[in-house]
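Me: I'm new to this one and would like a close look at a single part, the place where the chain's early helix meets the rest. Could you start there and then walk me outward from it?

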Amino acid sequence: MTDVLILGGTGWLSGRIAAHALGAGASVTCLARGGRPAPPGATLVLADRDDEDAYDVVSRTDWDHVVDVSSRVDHVSGAVRALGDRAARWTYISSMSVYRDDETVGTDESAPRHPAAQAGEDDDYARQKVAAEDAVQESLGDRALLVRPGLIVGDGDPSDRFGYWAAAFLRALDEPVLLPPLDGRTAEVIDVEDVAAFVMSATVTGAVNAIGDVRDLEDVLRTVRASTGHTGPVIVGTEERLVAEGVAYWAGPRSLPLWLPPDMSGFMTRSNARYRRSGGRIRPLEETLERVVADERERGVDRERRAGLTRTEERALLDAFAR
């Protein structure tokens with residue numbers, strides 16, 4: 001039986017990875033603080049990775065596969081020091097955010113990265129991920145896989161970015177929905193289940209962009225709209241007016257998720273060729289949306305969200321644009 005250790009294993013993505021490992025017949029141990037349960041069938045080891053002895057219990061075992069999702073280089077480097085000699089294979093879940101070039105279309109894993117984070121740069125997500133990649137690669141070499149996901153989507157997504165659009169169309173019914181500028185805008189989305197499956201099935205090492213195919217943003221939003229049965233009109237805002245009204249790009253409060261500035265044409269057009277060659281799956285968007293739409297209905301389309309506009313904010317903008 002394969003012995004898998006997941007540093008985490010109770011979060012949205014790491015929990016799916018644990019579930020896929022269990023489904024493949026592995027023995028799974030999750031090391032986490034314990035604020036959330038581990039998937040049924042997994043063993044939960046309680047530990048705080050800020051503590052020097054966090055890995056003492058799990059460092060007594062030889063592991064076939066260690067998976068780490070942390071965004072803190074001190075956690076990642078500490079785990080590598082404690083467990084690197086015990087791991088036959090190591091997967092680090094990094095991010096597309098490591099790349100510093102967001103303008104060039106079609107870049108692959110060889111694209112330049114941001115500088116690695118230095119001491120005191122704890123809040124720089126991208127540079128922390130770069131430094132964490134370096135810690136894993138330098139210590140584990142050809143035993144290490146660096147998975148760089150882009151926009152991960154699916155039911156239960158805590159970021160609320162992709163799900164916002166399903167909720168926006170569902171709550172509007174036959175009323176208007178405000179869209180961002182669409183001409184020349186693209187999106188690459190990948191199902192959380194596909195990322196999790198790849199982490200457990202991949203045999204390659206080195207860096208892999210685990211991202212979806214490049215699609216026109218207009219096509220993505222049209223597919224979301226069709227999945228919800230929305231029958232009202234869609235109103236496309238202008239760049240200048242949306243920015244002037246304080247609507248944010250990409251994510252966060254008072255935003256239009258997935259909308260990017262015009263000078264970020266490379267951010268959602270990166271190559272996923274190595275992921276495809278390595279057996280990575282990208283399921284039809286319609287299949288993902290079945291789960292996303294059901295999830296948004298269950299959790300409530302008017303709930304407080306981490307990304308997007310409230311319906312009140314959206315109506316106010318629509319009224320302003322109509323004047």
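Reply: Leaving aside neighbours within four places in sequence, leucine 13 is in contact with Ile93, Ile152, Val192, Val195 and Ala196. Keep in mind as you look that this is a predicted model. Leucine 13 sits in helix α1, which covers residues 12-23. Is leucine 13 buried or exposed? Its relative accessibility is 12%, so leucine 13 counts as buried, the cut-off being under 20%. For a sense of scale, try finding proline 181: its C-alpha atom is 30 Å from that of leucine 13, and the two are 168 residues apart along the chain.

Two of the names around here lead to another spot. Ile152, one of leucine 13's contacts, also touches aspartate 157. Trp12, Phe162 and Arg299 complete the list of aspartate 157's contacts once neighbours within four places in sequence are set aside. You'll find aspartate 157 in the loop between β7 (151-153) and α4 (161-172). Here's a curious thing: aspartate 157 is buried, yet it has no salt bridge. In general, side chains of opposite charge can pair when their charged atoms come close. For aspartate 157, the nearest side chain of opposite charge belongs to arginine 161, and that is 5.1 Å away. A salt bridge here needs a nitrogen and an oxygen within 4 Å, so that gap doesn't qualify.

Arg299, from that contact list, does have a partner. Arginine 299 forms a salt bridge with glutamate 296, with 4.0 Å between the closest N and O atoms. Why are these two about one helical turn apart? Because they are three residues apart in helix α9, residues 285-299. The pair is a mixed one for exposure: glutamate 296 is buried at 2% relative accessible area, while arginine 299 is partly exposed at 33%. Elsewhere, salt bridges that share partners tie Arg16, Asp155, Asp191, Glu193, Asp194, Arg281, Arg283, Glu287 and Arg291 into one network.

How many salt bridges does the whole model have? The count comes to 35. One of them joins glutamate 175 to arginine 315, with the closest N and O atoms 3.2 Å apart. That pair links distant parts of the chain: glutamate 175 lies in the loop between α4 and β8 (177-179), arginine 315 lies in helix α10 (residues 311-322), and they are 140 residues apart. Glutamate 175 is partly exposed, with a relative accessible area of 31%, and arginine 315 is partly exposed too, at 39%. Another salt bridge brings together the side chains of glutamate 121 and arginine 127, at 3.1 Å from N to O. Glutamate 121 has 25% relative accessibility, so it counts as partly exposed.

Now for a helix that is well covered. In α2, residues 73-83, eight of the 11 residues are buried, so the helix is largely enclosed by the rest of the structure. The buried ones are Val73, His75, Val76, Ser77, Gly78, Ala79, Val80 and Leu83. What do they pack against? Their neighbours are β1 (3-7), β4, β5 (90-93) and α3 (125-140).

From α2, hop to the surface. The C-alpha atom of alanine 82 is 9.3 Å from that of aspartate 53, although the two are 29 residues apart along the chain. Aspartate 53 is in the loop between β3 and β4 and is partly exposed at 48%. Aspartate 51 shares that loop, between β3 (43-46) and β4 (65-68), and it is partly exposed as well, with a relative accessible area of 40%. Together with Glu52 and Asp56, Asp51 and Asp53 form a patch of negative charge on the surface.

Last stop: a pair of backbone oddities. Most residues other than glycine have a negative phi. Arginine 254 has a positive phi of about 50 degrees although it is not a glycine, and leucine 258 has one near 80 degrees. Arginine 254 is in the loop between β14 (248-250) and β15 (255-257), whereas leucine 258 is in the loop between β15 and α8 (273-277). Their surroundings differ in cover: arginine 254 is partly exposed at 27%, but leucine 258 is buried at 2%.

Notes. Residues numbered from 1 in each chain as written. Predicted model: local features only at pLDDT ≥ 70, side-chain atom pairs only at ≥ 80, totals over all residues. Heavy atoms only, no water. Helix = DSSP H or I, 4+ residues; strand = E, 2+ residues; numbered from the N terminus. Buried < 20%, exposed > 50% of the residue type's maximum accessible area, 1.4 Å probe, protein only. Lys, Arg positive; Asp, Glu negative; His and termini not counted. Contact = heavy atoms within 4.5 Å. Patch = residues over 30% accessible without salt bridge, like charges linked within 9 Å, V, L, I, M, F, W, Y side chains within 5 Å. Areas by Shrake-Rupley, 256 points an atom, 1.4 Å probe, with all protein chains shown as cover. Charge placed at Lys NZ, Arg CZ, Asp CG, Glu CD.
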